[in-house]
Each structure stands twice: as structure tokens, then as C-alpha cells.
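Please open the model below in your viewer and show the side chains as sticks. We will take a short walk around some of the aromatic rings.

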Amino acid sequence: MLVLKEIIHRKFNFLMGLLGMVTITSLVVAFYTITKATKDETRLLTRNMGFNVRIIPEESDMNTFWLQGYSDKTMSEQVVDKMIEQKSVNYAHLTATLHKRVQWRGKEVVLTGISKDEREPSGAKKSKMIFAIPPGKVYLGYELAKQFNIDEGDKIELFDSTFEVEKTLSEAGSEDDIRIYFDLETLQKLVKMEGRVNEVMALNCMCSTENGDPLGELRKELGLIAPEAKVIMNSSIADAREKQRKMTDKYFAMLFPIILIICAIWLGSVTMGNVKDRTHEIGIMRAMGFSSSKIGQLFFLRAILIGIVGAIIGFVIGTLLSMQLGPKIFNVTMVAVKPVFNLLYWALLIGPVFAVLASLIPITWAINQDSAKLLNEH
């Protein structure tokens with residue numbers, strides 16, 4: 001095949017063009033892979049910071065709420081069902097809870113019931129954010145376990161009922177250290193508040209809004225679905241997540257065009273060098289009756305080959321770079337950086353097109369030159 005003979009004959013020029021294609025593909029693949037890993041890890045880290053939305057009864061007194069950490073009013077557990085039926089709401093990990101402050105063994109403690117399921121209006125399967133407690137068992141806060149020398153497997157009594165301590169929790173440095181956790185249904189029966197909750201914990205899954213007011217959007221949604229409830233959002237967690245997402249998007253949007261332009265100039269220059277070196281050959285081919293399209297085909301096939309081979313090599317190098325350098329530069333874990341194999345498909349699709357477009361001007365110039373002039377230039 002003529003194009004392969006030409007590549008073998010002019011190896012250095014071909015390798016320079018290939019280097020340009022490999023460079024752009026590697027940089028784009030590496031940066032995209034690291035950016036995706038950064039977004040995924042940020043999402044998990046902010047998710048692990050806890051629920052950032054609290055849905056409480058509308059008539060809750062906010063002074064009381066902030067002083068004791070939960071509302072002294074209750075609402076029907078069916079508020080969760082209403083949100084699930086709506087499907088399109090911007091809430092995730094809906095977890096119904098019930099809190100009650102009582103005296104136990106001479107100490108004031110907080111009893112908390114947590115629903116065993118975290119329900120998703122979207123219907124998507126997601127990993128749980130909080131533990132599920134088996135019926136008949138409890139999780140015990142750090143201070144309570146320490147003060148009363150209670151170990152996992154021990155029995156405790158509450159309201160004339162006996163429960164096994166499934167787990168003693170590590171120190172939280174908050175009111176959670178004097179909390180006893182139950183399965184929601186168990187606690188509802190224990191305090192005779194079946195079907196009632198005083199809070200639904202959730203995660204705000206809105207990355208951004210048109211008016212820059214995600215809390216306003218959440219309140220509007222909930223007002224239409226369940227007017228008996230209202231929303232409180234921990235804005236610091238939501239803002240941290242949004243700022244991190246915008247920062248990585250900004251980096252990619254700023255660097256990608258620069259990389260693209262530099263490599264386009266590189267490929268175009270290499271192609272022009274190849275064309276200049278072959279002016280005499282092109283002149284001979286034109287004199288022998290080869291059409292402009294036939295000569296152009298030779299150069300375009302060469303560019304396409306550079307695009308395909310460069311895309312494959314670039315994807316491999318870019319992926320390896322992201323896995324090695326990503327954790328060091330962008331402070332993400334090695335586990336978070338994974339190959340994005342869809343990029344190989346796009347590289348193989350876009351790479352040849354980009355190589356052809358970058359070579360279009362010099363190739364067009366070459367095939368439109370007069371054969372006699374080209375012969376004289378040698």
C-alpha cells in the first residue's frame with residue numbers, strides 16, 4: 001500500500017505527527033479521567049459528611065428545634081411516601097427518624113429510631129449513608145457505653161423491654177455520644193407513636209439551579225407535595241460540593257482549548273513539513289496523471305492512520321498518567337482513579353477527524369499547486 005511505503009520512507013515525519021496526536025489524546029484522557037475521579041471522590045466525601053437536608057413538621061418551633069436538636073412536633077411517616085410518589089423531587093437517601101429525650105439510669109439520653117430503608121424518589125439503587133438496626137437490638141453511643149461499662153452483646157432495659165446491644169459506637173464528639181439508636185418501627189411502638197416521625201433526613205442531589213437558590217427550589221417542591229413539612233438545609237456541605245464541582249469543570253474548560261490549539265498547530269506544521277519535503281514527488285505524480293483527489297487521498301489516509309494509532313497509544317498513556325499522577329497532584333485516592341473506557345471509543349472516533357482537519361490546510365495547498373512549479377521547487 002502506497003501510504004505505508006510513504007510512512008516507512010519518511011519515518012521521522014510520521015513519528016512527529018504521531019507524537020502530536022499521542023500528546024493531545026494523552027492529556028485529554030488524563031485530565032478527564034482525573035477530573036471524573038475528583039468529582040466522584042468529592043461526591044462521596046461530601047456524602048459521608050452526612051445528610052445535608054432535614055425535613056421537619058411545619059409547625060415546629062425553631063428555637064426549640066435548635067436547642068434540643070430535633071423538633072418536639074411530629075408528622076405522619078407518609079410524608080416519605082408522598083415524596084417517593086412524586087419521583088422527580090431533588091432529594092435522595094430519604095430516611096425517616098423519630099427522636100425522644102428520656103431519663104435512663106439517672107441520665108438524660110436521646111432515643112433515636114431510624115428507618116431500615118433509605119428510599120430514593122428516582123428509584124435508583126444507592127449505597128446506604130447510615131446503618132440499619134435489626135429489630136430488637138440497639139446501637140449505643142460512646143459515652144453511654146463508657147459510663148455504664150456496656151459491651152456489644154450485653155442486654156439493656158428500656159420501658160420494661162429488653163434489647164441486645166448490637167454495636168457500641170466510636171466517639172463522635174456530639175450529642176450522638178449519649179444516643180441510643182433503634183429500628184424506627186421498634187421505637188415507635190416503644191413510645192406509642194406508631195406511624196409518626198419528627199424528621200426525615202435526606203441528601204440534596206441538586207448540583208446547581210438556574211436561580212442559584214437550591215434551598216428555595218427544595219422548599220417549593222416540598223410545599224406542593226407535603227405542605228405539613230418544611231425544609232432546613234446545611235448550606236456549608238452543599239456549597240462545598242458545588243464549589244468543588246465548578247472548580248474541576250473550570251480547569252477542564254480552561255485547559256482543554258489551549259491543549260487542542262497547540263496540538264492542532266503541531267499536527268498542521270508536521271503535515272506542512274511533509275508536504276514541503278515531497279513537492280517534487282507531488283509534481284511527478286501530477287505530471288504522470290494522478291488527480292488531485294488521488295494525491296490528497298494519500299495524505300488524508302496518512303492523517304487518519306496518525307489519528308487512529310495516536311488515539312490508542314494516547315488513551316493508554318493518558319490512563320496510566322492519570323492513575324500515577326492523579327492521586328499526587330489532585331489529592332484523590334488511587335482507588336478513585338479508574339480507566340474510562342468510553343474515552344477510547346471517542347478517541348478513535350474524534351482522533352482521525354481531528355488529524356484530518358489539522359492537516360487540511362497544508363494538504364489543500366499541496367494538491368492545488370501547479371505541477372511544473374512543484375518540479376522546479378526541488
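Start by selecting phenylalanine 65, which is buried because its relative accessibility is 0%, under the 20% cut-off. Keep in mind throughout that this is a predicted model.

Now add the neighbour, tryptophan 66. Tryptophan 66 has a relative accessible area of 55% and is therefore exposed, as the cut-off for that is over 50%. Phenylalanine 65 and tryptophan 66 form an aromatic pair. Their centres are 4.8 Å apart and the planes stand at 75°, an edge-to-face arrangement. The count for the model comes to 7 aromatic pairs.

Next, select phenylalanine 315 and phenylalanine 341. How are these two rings arranged? They form a tilted pair, 6.1 Å from centre to centre with 45° between the planes. Colour by secondary structure here: phenylalanine 315 lies in helix H10 (residues 292-329), while phenylalanine 341 lies in the loop between H10 and helix H11 (342-367). The pair links distant parts of the chain, with the two residues 26 residues apart.

Is each partner buried or exposed? Phenylalanine 315 is buried, at 6% relative accessible area, whereas phenylalanine 341 is exposed, at 58%.

Then select Phe131, Tyr139 and Tyr181 together: these rings form one aromatic cluster.

For the last stop, pick arginine 105 and phenylalanine 148. The charged end of arginine 105 sits over the ring of phenylalanine 148, at 5.3 Å from the ring centre.

Terms used: Residues numbered from 1 in each chain as written. Predicted model: local features only at pLDDT ≥ 70, side-chain atom pairs only at ≥ 80, totals over all residues. Heavy atoms only, no water. Phe/Tyr/Trp six-rings, centres within 6.5 Å; stacked < 30°, edge-to-face > 60°. Buried < 20%, exposed > 50% of the residue type's maximum accessible area, 1.4 Å probe, protein only. Helix = DSSP H or I, 4+ residues; strand = E, 2+ residues; numbered from the N terminus. Lys NZ or Arg CZ within 6 Å of the ring centre and 35° of its normal.
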